[in-house]
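Here's a quick write-up to read alongside the coordinates. Have the viewer open and follow along.

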Amino acid sequence: MIDKEIEYKQICSDILGCSKCDLGCDKLDGFNPRVAGCGNINSKIIFMAEAPGFNETQFGKPLIPPGTSGKKYEEVLRELGLTREQVYTTNSTHCRPPQNRDPLPWESLKCLEYIKREICLINPEIIVTFGRFAALTFLDSFKMTKDHGKLQVSTKFKETSVFPLFHPAYIMAYAPHEKREQFKQDIKALKNILIERKIIPMVEAK
Ligand code: SF4
């Protein structure tokens, strides 16, 4: 356990000082653009978004309110009966891109080392991804419109179960009603999987 904590601290320290790609600059809009993953390093579940936004860099935590993605993420956790402290939360690219643009392929590739180290450390039973870029970290081919809400086995990380969801920022800001409904259905499907795998308990309706 102590070794796990030491390795976790080392991963955080390596990310927070990283300049392996152009995103690792000293400051972006006044804050360090680098955000390390956080939460329970013994969790059976990892939630992974794409890259930090402004609020994440301000507070130094992934998917954190008052950012819209963070608010929606915490809603999802509540729906699943989970808290942030029970799960591990991270991003597939650990630095905020300027103007919140999409991470470029080589930036994601450079950051893969940290994802590998986080997964090796936590050894989750399932990884829930938010958005296309996070899903593509684990799957060779992925189309959000047809592959969201389907449990898959990673083609890049052996035997890792991946459950892709729409990105919370999309659901909050742009998604039409139909996609919001699909997102709700996907959360229900995820909840059933987590219950089946005994990652969360079944709660009897009163
Ligand atoms: S995005 Fe990843 S690889 Fe690039 S500087 Fe940030 S932590 Fe390093």
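What follows goes through a strand, the core, the ligand shell and one loop residue. Keep in mind that this is a predicted model.

**Strand E2**

Let's start with E2, which spans 45–49. Five of the five residues in E2 are buried, so the strand is largely enclosed by the rest of the structure. Ile45, Phe47 and Ala49 point one way from E2, while Ile46 and Met48 point the other way. As a rule, side chains in a regular strand alternate between the two faces of the sheet.

E2 has pairings with both E4 and E3, and here they are side by side:

| Strand paired with E2 | Direction | Bridges | A residue pair |
|---|---|---|---|
| E4 | parallel | four | Ile46 and Ile127 |
| E3 | parallel | four | Met48 and Thr90 |

**The core**

Which residues touch the most other members of the largest nonpolar core? Those are Ile46, Met48 and Val128, in a core of 39 residues. Several elements give two or more residues to this core, and the list mixes helices and strands. On the helix side there are H1 (2–16), H3 (68–80), H4 (105–122), H5 (132–136) and H8 (177–196). The strands are E2, E4 (126–130) and E6 (161–165).

Ile46 is worth a click. Setting aside residues up to four places away in sequence, Ile46 touches Tyr88, Thr90, Ile122, Pro124 and Ile127. Ile127 in that set is also the residue opposite Ile46 in E4.

**Around the ligand**

Next up is the ligand, which has 14 residues surrounding it. The closest are Cys18, Cys21, Gly24, Cys95 and Cys111. H4 gives the most to this shell, with three residues, and H4 is also among the elements that supply the core. By type, the shell divides into six nonpolar, four polar and four charged residues.

**Pro97**

Finally, take a look at Pro97, in the loop between E3 (88–91) and H4. Is Pro97 buried or exposed? Neither quite fits: Pro97 has 19 other C-beta atoms within 10 Å, and because buried takes 20 or more, it counts as partly exposed.

Leaving out neighbours within four places in sequence, Pro97 is in contact with Leu23, Ala51 and Pro103. Pro97 and Phe54 are 43 residues apart in sequence, and their C-alpha atoms are 9.6 Å apart in space.

Terms used:
Residues numbered from 1 in each chain as written. Predicted model: local features only at pLDDT ≥ 70, side-chain atom pairs only at ≥ 80, totals over all residues. Core = buried A, V, L, I, M, F, W, Y, C linked by C-beta atoms within 7 Å. Buried ≥ 20, exposed ≤ 12 C-beta atoms within 10 Å, placed from the backbone. Contact = placed C-beta atoms within 7 Å. Near = placed C-beta within 6 Å. Nonpolar A, V, L, I, M, F, W, Y, C, P; charged D, E, K, R; others polar. Pairing = 2+ DSSP bridges.
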